[in-house]
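Reader: I would like to learn how to read the features of a fold from its coordinates. Could you walk me through an example?

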Amino acid sequence: SGQGVAAGAAVEVMVRPESLRFLAPAESAAGALAGRVTVRRYGGPVTYYRVTLGPEPPGGAGGAPALEAEVLAPAGAAGVGDAVRLALREDGPPPRAFPVTGEGA
């Protein structure tokens, strides 16, 4: 939601793990993000996958922190080290934007 966020303002975007999905190799989607699975954790009927997004090596030039996302998917959807692409699920909760206040970390 963009409530309380001015146009052009810095924001933090929060996306719930159930809002993301892995794309099939030949599939395309607007706004898809590429990354690599860094952690796979069993969670009962689904598995949690942590994906580091963006340039490799993680952190990119200048040592900037890597962006990460977490995805809920079936146990065999990907393995640690696999290159993957992510997209928003149409039936998932929408991303939320929060203004960056400069306080906290």
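Author: Happy to; we will go through the sheet, then the salt bridges, then a surface patch. Please keep in mind that this is a predicted model.

Reader: Let's begin with the sheet. What is the order of its strands?

Author: A sheet is read strand by strand, following which strand pairs with which. Here 5 strands form an open sheet, in the order β2-β6-β3-β4-β5, and the pairing is antiparallel. At the edges you find β2 (20-22) and β5 (67-73), each of which pairs on one side only. On average, neighbouring strands are turned by 45 degrees against each other, direction ignored.

Reader: How many bridges join β3 to β4?

Author: There are 8 bridges between β3 and strand β4 (residues 46-53), and the two run antiparallel. They also form a hairpin with 2 residues between them, where G44 in the turn has a positive phi of about 85 degrees. To follow the register, take V39, whose bridge partner in β4 is R50. On the β5 side, R50 stands opposite E70, and 7 bridges join β4 to β5.

Reader: And which strand does β3 (residues 33-43) meet through 4 bridges?

Author: That is β6 (residues 83-88), again running antiparallel. A34 shows the match here, with R85 as its bridge partner in β6.

Reader: Now for charges. How should I think about salt bridges?

Author: Side chains of opposite charge can pair when their charged atoms come close. With a cut-off of 4 Å between a side-chain nitrogen of Lys or Arg and a carboxyl oxygen of Asp or Glu, the count in this model is 4 salt bridges. Among them is E18 with R16, whose closest N and O atoms are 2.6 Å apart. Another is R21 with E27, at 2.8 Å.

Reader: Why does the salt bridge of E70 with R41 tie together parts that are 29 residues apart in sequence?

Author: The closest N and O atoms of E70 and R41 are 3.1 Å apart. Because E70 lies in strand β5 and R41 in strand β3, the pair links parts that are 29 residues apart in sequence. E70 is partly exposed at 24% relative accessibility, and R41 is partly exposed at 39%.

Reader: Finally, which residues form the nonpolar patch on the surface?

Author: For a patch, look for nonpolar side chains that share the surface. V11, V13, V15 and L88 do this here, with about 300 Å² of accessible area together. V11 belongs to strand β1 (residues 11-14), and its relative accessibility of 34% makes V11 partly exposed.

Definitions and conventions:
Residues are numbered from 1 along each chain as its sequence is written. This is a predicted model: local features need pLDDT of at least 70, side-chain atom pairs count only at pLDDT 80 or more; totals for chains, interfaces and linings use all residues. Side-chain values use heavy atoms; hydrogens and water are left out. Two strands pair if DSSP finds at least two bridges between them. Axes are lines fitted to C-alpha atoms, for helices over the stretch in contact, and angles run from 0 to 180 degrees between N-to-C directions. Patches are made of residues with over 30% relative accessible area and no salt bridge: like charges are joined within 9 Å, nonpolar side chains (Val, Leu, Ile, Met, Phe, Trp, Tyr) within 5 Å. Accessible areas come from the Shrake-Rupley method with a 1.4 Å probe; for residues, only the protein chains shown count as cover. Buried means under 20% relative accessible area, exposed over 50%, partly exposed in between (1.4 Å probe, protein chains only).
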